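User: I am new to this structure and should like to learn how to read its features one by one. Could we begin with empty space inside the protein?

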Amino acid sequence: MRDEPNRRTGDREKSDDPWRRLPAMTPLGPAAATVPGRVRTVAEPSPAPGGRTVAPSPLDPGAALDPYPVHRRLREEFPLTYDPLLRAWVLSRYADVATALTDRRFTHGHRPGDPACVRAHTDVDLAELRSVVERTAHVLARRITGRDRADLVADFCHWLPAGTVAAAVGVPYRDMMRLVRGRAATALAGECGGQIAVREKALASFLGNVLADPDQTAALRHAPAGLVARAWAESLRLDPPVQIAVRRTREDVPVSGGILPGGSSVALLVGAAGRDPERFREPDRFDPLRDDPGQLTYGPGFCPAVILAGLEAEYAVRALFEAMPRLRLADGFRPAPDGLITRAPRTLVVLPNG
């Protein structure tokens, strides 16, 4: 690999940046089992000046920097509301969002690991995928070791998902950014090929969560694969790479706060659902050892995109800490996720040698 791709430019701020696209997440599937979560009594909304009650919008100014205050108010006061900016009804509670991602009464979507996706993949060599991810992660980590400072988003997270697919299908590294998001990705993952950009975001958030807490860094430095997998799932819950997914109802659907009309567009606040206190204890805390885990980004079934995402998280941790045992965030730097539709830190400034 050449160092040229490490130079970040303003190009990724452009409207055609795949990180800013709204990915679809869930296919049609059989009706899901009852989702954990209690039905709550909705508090009376606070009236706005002049006596009107106005729901906040997930697209309100400032939400890109911190959407969670808006999410909290929507969950507590407006579990069902129409948002004119999104041109859709908005769901924010875990039970409602989880239902919309799995129930046949909602259409138009695809999420790797869900039933239609599982049936599409029957000949994937898991041992080969694991080997490819491991090699790619170690190559990328070694390129950083001699530096005084590095940005893990630009130098590692941006390249591991793409490099993994490139290596798996035999695309030379020099060509991977030109080909891997199209033909090569489709050859490996079918409909899930576009999930490369989502995996980049998810990996950046995961490493940010791990490195932001010295105790978590120490715990995962030599952790078994099972603990890394739990930390990965917890990061997907706390900071999902896809914050808003869009669906449409086939028919009227009862949800918290009322009934969704049939034929309506519905915006699912995945980020709000993952921090619902009716589903998760201390929902704003990163806790890989929690006894009430859960995440809504990926489905539970077999899919190369799901398998690759988990392997990339596991081998990212292993490769980075093996190559740089004293790796830590730069002094004074804290990960700062941003984004409305998709969300993750844009930079992770680290000291490779402590």
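Analyst: Certainly. Rolling a probe the size of a water molecule over the atoms shows where empty space is left. In this predicted model, the count comes to five cavities of 30 Å³ or more.

User: How much space lies in the largest cavity, and which residues line it?

Analyst: The largest cavity holds about 50 Å³ of space. Its lining consists of Y94, L236, R237, P240, V270, G274, F280, G294, Q295, L296 and T297.

User: Y94 and F280 are both aromatic residues. How should one read a pair of rings?

Analyst: A pair of aromatic rings is described by the distance of the centres and the angle of the planes. For Y94 and F280, the ring centres are 5.5 Å apart and the planes stand at 90°, so this pair is edge-to-face. The pair links distant parts of the chain, 186 residues apart: Y94 belongs to helix α2 (residues 94–100), and F280 to the loop between α11 (270–273) and α12.

User: Are Y94 and F280 buried or exposed?

Analyst: Y94 counts as buried because its relative accessibility is 8%, under the cut-off of 20%. F280 is buried as well, with a relative accessible area of 1%.

User: How many aromatic pairs does the structure hold?

Analyst: There are three aromatic pairs in the structure. Another of them joins Y82 and W89, edge-to-face, with 5.5 Å centre to centre and 75° between the planes. Y82 counts as partly exposed because its relative accessibility is 42%, and W89 is partly exposed with a relative accessible area of 24%.

User: Over which rings do the charged ends of R275 and R279 sit?

Analyst: The charged end of R279 sits over the ring of Y94, 5.0 Å from the ring centre. The charged end of R275 sits over the ring of Y68, 3.7 Å from the centre of that ring.

User: Where is Y68, and what surrounds that part of the chain?

Analyst: Y68 is one of the buried residues of helix α1 (residues 68–77); the others are V70, H71, L74, R75 and E77. In general, an α-helix has 3.6 residues a turn, so residues three or four places apart point the same way. The cover over the buried residues of α1 includes β1 (80–83), β2 (88–91), α10, β8 (265–269) and α11.

User: What is the general idea behind a nonpolar core, and how many residues does the largest one have here?

Analyst: In soluble globular proteins, nonpolar side chains tend to be buried together. Here the largest nonpolar core has 58 residues, and those with the most contacts inside it are L152, F156, L203, F206, L207, W232 and L320. Elements that each supply at least two residues of this core include α4 (126–142), α8 (196–212), α10 (225–238) and α12 (304–323). The largest share, twelve residues, comes from α12. A second, separate core has 18 residues, including V97, L101, L260 and L296.

User: Which residues does L203 touch, leaving aside residues up to four places away in sequence?

Analyst: Leaving those aside, L203 touches F156, C157, L160, W232, E312, A313 and A316.

User: Why does E314 count as buried?

Analyst: E314 counts as buried because its relative accessibility is 10%, which is under 20%. This residue is found in helix α12. Apart from residues up to four places away in sequence, E314 touches R130, A225 and V228.

User: How should one read a buried residue in a loop, such as G299?

Analyst: One may consider its place, its accessibility and its contacts in turn. G299 is in the loop between α11 and α12, and is buried with a relative accessible area of 5%. Its C-alpha atom is separated by 8.4 Å from that of P115, 184 residues apart along the chain. Beyond residues up to four places away in sequence, G299 touches R111, P112, G113, D114 and V306.

User: What may be said of the protein as a whole?

Analyst: Its secondary structure comes to twelve helices and twelve strands. Of its 354 residues, 53% count as buried. Among contacts between residues at least 6 apart in sequence, 73% join residues at least 24 apart.

Methods
Residues numbered from 1 in each chain as written. Predicted model: local features only at pLDDT ≥ 70, side-chain atom pairs only at ≥ 80, totals over all residues. Heavy atoms only, no water. Core = buried A, V, L, I, M, F, W, Y, C linked by side-chain atoms within 4.5 Å. Buried < 20%, exposed > 50% of the residue type's maximum accessible area, 1.4 Å probe, protein only. Helix = DSSP H or I, 4+ residues; strand = E, 2+ residues; numbered from the N terminus. Contact = heavy atoms within 4.5 Å. Phe/Tyr/Trp six-rings, centres within 6.5 Å; stacked < 30°, edge-to-face > 60°. Lys NZ or Arg CZ within 6 Å of the ring centre and 35° of its normal. 1 Å grid on protein atoms, 1.4 Å probe; cavity = no way out; pocket = protein on both sides within 12 Å on 5 of 7 lines; lining within 4 Å. Points joined across faces, edges and corners; volume = space filled by probe spheres on them.
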